[in-house]
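Got the viewer open? Load the model, show the ligand as sticks, and follow along stop by stop.

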Amino acid sequence: MKNKGILIVVSGFSGAGKGTLMTRLIEKYDTYALSVSMTTREARDGEIDGINYFFLEKEEFEEKIKENALVEYANYCGNYYGTPREYVEQQLQLGKDVILEIEIQGALKIKQNFPNALLLFVMPPDVAELRKRLVGRGTETLDVIEKRLMRAKEESAGIEEYDYIVINDDLEQCVDEVNEIVRAAHNTPARNVEFIEKTKKDLERLSEGE
Ligand code: 5GP
């Protein structure tokens, strides 16, 4: 029996490389769907509306909140970020494993509302590497980088809430590791309740001599 897709939350410090990791995961395996978030932050050079994010004005975003059109949302470094509900529900129904690349407040809300969600936290091999990646990316000012490093410190307090950590050292290895975790997660009893119940009922019938 094919079970429905799993809602996968991927968090990690800014600069931990989760974007690259998810892009490669989706390229390599066709069982995933990546949710595109809405945000009120400015688009970075090269970012495309509808591909990287849906870029909204603050008022538009607040309208989405009111309409209950988001599965979760959070404020991160002064901007709103949120996950559109419709795409997520549709893809899960189709059996896709849906990836939400979101920060920790949103992740914890998902954990509360979707107990079968799988929470992964991507970590850099070490903190010096994290800073190097943030500076090397060249998309943020030093001020923003410092803000994001401060935020990383806050976020590190919540890592234990996640199901798995993934250390992003070698990209290909890390992609395969994430895929293995997800494949294994499909086989937990909690994610196969219907199948288990059906087997139990069939066994009961059999033992009653039907
Ligand atoms: P960035 O500005 O670097 O694209 O994203 C900043 C942070 O917001 C990242 O940690 C990213 O994972 C998170 N984020 C992106 N989309 C969402 C979302 O829809 N909801 C939440 N809660 N966080 C998000």
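Which polar backbone atom sits 3.2 Å from an oxygen atom of the ligand? Select E101: the atom belongs to its backbone. A polar contact here means a pair of N or O atoms within 3.5 Å; within protein, one must be able to donate a hydrogen and the other to accept it, and residues adjacent in sequence count only if both atoms are side-chain atoms. Before moving on, note that this is a predicted model, with local features needing pLDDT of at least 70 and side-chain atom pairs counting only at pLDDT 80 or more, while totals for chains, interfaces and linings use all residues. Residues are numbered from 1 along each chain as its sequence is written, and side-chain values use heavy atoms, with hydrogens and water left out.

Now pick G82, where a polar backbone atom is 3.0 Å from a ligand oxygen, and then T83, where the corresponding distance is 3.4 Å. The ligand taken alone exposes 510 Å², and the protein buries 95% of that (Shrake-Rupley accessible area, 1.4 Å probe; for residues, only the protein chains shown count as cover).

Next, select the shell around the ligand (residues with a heavy atom within 4 Å). You should get 16 residues, with S37, R41, Y53, Y81 and E103 the closest. Colour by class and you'll find 5 nonpolar, 4 polar and 7 charged residues (Ala, Val, Leu, Ile, Met, Phe, Trp, Tyr, Cys and Pro are nonpolar; Asp, Glu, Lys and Arg are charged; the others, Gly among them, are polar). The elements giving two or more residues to this shell are β5 (70-76) and β6 (79-84); helices (H or I, at least four residues) and strands (E, at least two) are DSSP runs numbered from the N terminus.

Time for some backbone torsions. Most residues other than glycine have a negative phi. Zoom in on C77, in the loop between β5 and β6: its phi is positive, about 50°, though it is not a glycine. Then try N68, in the loop between α2 (58-66) and β5, another non-glycine with a positive phi, about 60°.

Last stop: helix α5 (residues 127-137). At its start, a side-chain oxygen of D126 comes within 3.2 Å of the backbone nitrogen of A128. Just after α5, click G138 for a positive phi of about 65°.
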